[in-house]
Every structure is written in structure tokens, then in C-alpha cells.
Amino acid sequence: MTGQQWIERYQGAVMNTFGDPQRILVKGEGATVWDVDGNRYLDMLGGIAVNSLGHAHPVILEAVTKQLGTLGHISNFFASKPQIELAEKLLELVGHDGRVFFTNSGTEANETAFKATRRTGRTKIVAAEQSFHGRTMGALALTSKAAYREPFEPLPGDVVWVPFGDADALRAVVDDTVAAVILEPIQGEAGVIDAPEGYLAAARDITAEHGVLLWLDEVQTGIGRTGRWFAHTETGVVPDLVTVAKGLGGGIPIGACIALGEAATLLQPGNHGTTFGGNPVASAAALAVIDTIETDGLLDNAVNIGNQIRTGLLDHPAVAAVSGEGLLIGVSLHDDIAKQVQSAALDAGLILNNPTPDRLRLAPPLNLTAEEAQQAIRTLRTVLDEVAAAPKGAA
Ligand SMILES: Cc1ncc(COP(=O)(O)O)c(C=O)c1O
């Protein structure tokens, strides 16, 4: 059966929320995936910052298989060793005392944090323009894009958005009525937008002054993606809430809401729950991912390979700027040709995406090699040459 035939079956059976799939993928190994028609691709998107160790990594395979063969699932009337070890490990990586609630996704991690903010007795949330926090009703209420929110209103209210990166704008709206400020340290879905130096520290000062929680959404930026365990690591900022997911399980669904200091006790028995969150198999996968990032030196690799890719693309005439840190990479183009570039790159065997009309995003595995990076640079430069040279409006 061909890819086209599978797409027709998809259209008949799978709910149309994503549009048609670009390819039907059947196999992955490392940073390479294959489609059902036998074509091979270099995966420079990594399931959108999820496949931290690439595809079919033996360490994840072993951890999941072993855990599933020992204890696959338990109810939350009980706990498992991997769940406890993972909570301890996340707190160690954040570097502060606290408590962790496990979820299955980023949106649920944010939902958890959102509920925690309500326990402050305040309801108002300040978020950033162009932010993305997920698609459940709560997380959606915080997401700035009106087109995502409006069909589902009324949503949990009392949210205001301020321009991202503008500390003065934040200062102007944060007062003693605000429960929390939620920020992505780097805005991923907006196209990998960096915060100006000192922005998070300013946000911490402003929130602390008014007894407001600082909530960092590190769903996309966390767990080594930026070459640090968290994008806020080394800023000196101690947030109250940190949400993670995506890269944590390396492809096995798991997220976490990490609450630090006094925020750790906002949610009390009966306030929140989940059947699958903190499942032993998902927790074991996450422990294996973190352990491999540590032992294989993947934080450094993310920095080095990320720099190699940025340097390799920056001088292309179609490229206006590069952004992001480590292996969360934004490529801003002079023209609105990101869709054409993404599509031509796919045809040329390179997976990336186009979060906005003039921006490309790359978020490959953290263990991407220098050779693979070079191959990605070469292919992308050729595609940029071709698309930029094509007559305007050509697909
Ligand atoms: C910053 C951020 N928060 C939350 C989410 C939602 O995570 P999920 O798709 O796992 O629900 C995403 C997903 O792209 C994200 O980038």
C-alpha cells in the first residue's frame, strides 16, 4: 500500500485536526526516519523537540521493556520506584526543593500549574503575546493566539497578555491581584523567539515584589534542549513553577509540573489527579533519557552542534537571523517563504517545520552528530537557494 493510499485511509478514520499528514512514517533509527514508500529523511525536528535521543534508542528500549516486564502500571493509590526517583532527579536538576506532579503531556503539566495558581486565592494570570501553552481549556486560555482560543470561548478568564521580552510592560500590569506570570524562556511555537538578556530575572523581581508566582513553561525548552537542563538554568532565577514534557520521555508521553518552595504545597490531597501520570514505564523512560544526556555529554553536544548549524546557515543570503539556544534553532528568513522551504526540504529528505510564514524551526535529537548536522546544513542551503531563486508566489 502506498503513502497516498494510507493518507486516504487516514482521511476516512482520523479526526481532521492537523490537516493531512505529509508522509506516513514507518521506521526510525537515530536521527533518520523512513516513510512507507521507502524514502529516507534526516529528522531535524525530532517529533517537535521530543526525540531527545533520536529514534529507537537502545537505552529507552531497554528501560521501557524492563519496566513493562516488571511493573507496567499501578493506580495512584500506590507509587513506584521510578516515579519517586524521577521526581527527585527533576528537583536535583532544577536545583531547589519542591514537589513534582506527573502528567502525560505539556498541556496537562500546564493545567496542573494553572490549578495550583488558583489555590493562591487570586485568579489573574499574566502571559506573553505569541505564547503557546497547550490545547486543553485551561492551557488554551493562556495561549495568546486568538484563532486557537476564540472557537472555544468562554475559557477560564482573567488572563492578560503583554509583549514578550518587555520587562516594563510586565511591570505595568503586575500588581497584588495577579496570581502568576507564565513565560516560555524561549518562545518555541512562535518561531523560536529569544528573550532579551535579563528578562527572566526582571520577571522574577517584579513577581516577587507583589507575591506573584513566576511560572516558566519549559515544555519545549527543558531537559537539555537548549544545552542546559532548563533554559532558565544559570540565569540565577528561581521560579515557583516549572512545567516540562516533550523531551523528558524521549518519545514516551510524560510531563511534569515542578513546584518549588511554598508553591509545592498549593495543591493538596483531592485537588488534582490523573490515571496515567507518573506511570512506572514512562518514568523509567524519562530516567533513562536524563541518565543518557548526562553520561553521553549531550548538553555540550547540543551547544556545539547547535552552534555549528547556526553558523552554517547564518551567511545564506535568504537568512535574516538565527535564534534559539542549543538544539532549539530558529531560522528567520527575509521573505515569507518558510512553507515552500519546509516542503522542498521534505522532498529533499530533510524534516523541519515552519512555525510562521518567515521562520523555520529545527529541534533535532540532542545526540545529533557533526556529520548529520553538516548534511542538514548542505541540504537546507541548497533548498534555500532553489526556493529563494524561484519566481515569487511559486509553490
Ligand atoms: C511551550 C509549550 N507549552 C505547552 C505545550 C503543549 O504540550 P503538549 O503538546 O505536550 O500538550 C507546547 C507544545 O508545543 C509548548 O511548546
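I call a crossing left-handed if the near helix is turned anticlockwise from the far one by less than a right angle, and with that in hand I looked up how α4 and α10 meet in this predicted model.

**Entry: the helix pair**

I find that the crossing of α4 and α10 is left-handed. Helix α4 covers residues 81–94 and helix α10 covers residues 280–295, and I read an angle of about 40° between them, with their axes 8 Å apart. That angle makes α4 oblique to α10. On the α4 side I list P82, Q83, E85, L86, K89, L90 and L93 as the residues that take part, and on the α10 side they meet P280, S283, A284, A286, L287, I290 and E294. Sorting this contact by class, I get nine nonpolar, two polar and three charged residues.

**Entry: the second largest pocket**

I next asked which residues lie nearest the centre of the second largest pocket. They are R99, V100, F101, F102 and L267, out of a lining of 27 residues. For the space in this pocket I note about 790 Å³. The elements that give two or more residues to its lining are α4, β4 (98–103) and β12 (255–260), so named here that I can return to α4, the helix I had already followed into its packing with α10. The largest share of the lining, five residues, comes from β4. By class, I count 15 nonpolar, 11 polar and one charged residues around the second largest pocket.

**Entry: the enclosed space**

I then turned to cavities and asked how many of 30 Å³ or more there are. The count comes to one cavity, and about 50 Å³ of space lies in the largest cavity. Its lining has 13 residues, and I note I74, N76, G277, G278 and N279 as the closest to its centre. By class, the lining of the largest cavity has four nonpolar and nine polar residues, and no charged ones.

**Entry: the loop between α7 and β6**

Last, I looked at the backbone in the loop between α7 (146–149) and β6 (159–162), which is where P154 has its place. The peptide bond that leads from E153 to P154 is cis, and I read its omega as near 10°. I also find D158 in the loop between α7 and β6, and I wrote down its phi as near 65°, which is a positive value in a residue other than glycine.

Methods
Residues are numbered from 1 along each chain as its sequence is written. This is a predicted model: local features need pLDDT of at least 70, side-chain atom pairs count only at pLDDT 80 or more; totals for chains, interfaces and linings use all residues. Side-chain values use heavy atoms; hydrogens and water are left out. Axes are lines fitted to C-alpha atoms, for helices over the stretch in contact, and angles run from 0 to 180 degrees between N-to-C directions. Helices (H or I, at least four residues) and strands (E, at least two) are DSSP runs, numbered from the N terminus. Angles under 35 degrees count as roughly parallel, over 145 as roughly antiparallel, 65 to 115 as roughly perpendicular and the rest as oblique. Contact means heavy atoms within 4.5 Å. Ala, Val, Leu, Ile, Met, Phe, Trp, Tyr, Cys and Pro count as nonpolar, Asp, Glu, Lys and Arg as charged, and the others, Gly among them, as polar. On a 1 Å grid over the protein atoms alone, a cavity is a set of points where a 1.4 Å probe fits but cannot get out, and a pocket is an open set with protein on both sides within 12 Å along at least five of seven lines; lining residues have an atom within 4 Å of a point. Grid points are joined across faces, edges and corners, and a volume is the space filled by probe spheres set on the points.
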